[in-house]
Amino acid sequence: MEWDEAKNQANIKKHVFLSSWQKGGDDPNAIEYYDSEHSSIDEQRYICLGDVGGFLVVFVVYEDRKGNIRLISARQAEPKEKEAYYEHIRRTVGKC
């Protein structure tokens, strides 16, 4: 896995840790989907909305480069994104 270390350091200050996230992480309820709006022929982007460490819901954009995950962006999920994540869990798992 690779990431921009300068971006990682900036995100550490914002409490979002790029280096601690791995495609879907340890969250079996993570939502992953293809980002057709921002993808191109040369760069296929994916979005993952999931929990990191059991306390922080994050919105992550990444690219899969022949099995090597390149993190493009990671941030704390916005309120609407968190609600979508928890609604997904309610529908699929029946908790929350």
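What follows is a short exchange about a predicted model of one chain.

Colleague: In what order do the elements of the chain run from the N terminus on?

Modeller: The chain holds two helices and four strands. Read from the N terminus, the order is α-β-β-β-β-α.

Colleague: Where in the chain is confidence lowest, and where highest?

Modeller: Across the chain, pLDDT averages 82. At least 70 is reached by 82% of the residues. The lowest stretch is helix H1, residues 5–13, with a mean of 73. The highest, at 94, is helix H2, residues 79–92.

Colleague: Which strand gives the largest share of the largest nonpolar core?

Modeller: That core has 10 residues, among them Val52, Leu56, Tyr62 and Ile69. Strands S2 (45–52), S3 (56–65) and S4 (68–76) each supply at least two of its residues. Four residues, the largest share, come from S3.

Colleague: Which residues does the second, separate core include?

Modeller: In a regular strand, side chains alternate between the two faces of the sheet. The largest core takes in Val58 and Val60. The second core is separate and has nine residues. Its members include Leu49, Val57, Val61 and Ile89.

Colleague: Which residue takes a positive phi in the hairpin of S3 and S4?

Modeller: S3 and S4 pair in the antiparallel sense, over eight bridges. Phe59 stands opposite Arg75 in S4. Two residues lie between the strands of this hairpin. The positive phi, near 50 degrees, belongs to Lys66.

Colleague: Is Glu43 buried or exposed?

Modeller: Glu43 sits in the loop between strand S1 (31–34) and S2. Buried means under 20% relative accessible area. Glu43 is therefore buried, because its value is 17%.

Colleague: Which side chain makes a polar contact with that of Glu43?

Modeller: Set aside the neighbours within four places in sequence, and Glu43 is in contact with Glu63, Arg70 and Ile72. The polar contact joins two side chains at 2.5 Å. The partner of Glu43 there is Arg45.

Colleague: What percentage of the exposed area do carbon and sulfur atoms supply?

Modeller: Buried residues make up 35% of the 96 residues in the chain. The chain exposes about 6200 Å². Carbon and sulfur atoms supply 50% of that area.

Colleague: Among contacts between residues at least 6 apart in sequence, what percentage join residues at least 24 apart?

Modeller: Take the contacts in the chain between residues at least 6 apart in sequence. Then keep those joining residues at least 24 apart. The percentage is 38%.

Technical notes. Residues are numbered from 1 along each chain as its sequence is written. This is a predicted model: local features need pLDDT of at least 70, side-chain atom pairs count only at pLDDT 80 or more; totals for chains, interfaces and linings use all residues. Side-chain values use heavy atoms; hydrogens and water are left out. A nonpolar core is a set of buried Ala, Val, Leu, Ile, Met, Phe, Trp, Tyr and Cys residues joined through side-chain atoms within 4.5 Å. Buried means under 20% relative accessible area, exposed over 50%, partly exposed in between (1.4 Å probe, protein chains only). Contact means heavy atoms within 4.5 Å. Accessible areas come from the Shrake-Rupley method with a 1.4 Å probe; for residues, only the protein chains shown count as cover. Two strands pair if DSSP finds at least two bridges between them. pLDDT is the predictor's confidence in each residue, from 0 to 100. A polar contact is a pair of N or O atoms within 3.5 Å; within protein, one must be able to donate a hydrogen and the other to accept it, and residues adjacent in sequence count only if both atoms are side-chain atoms.
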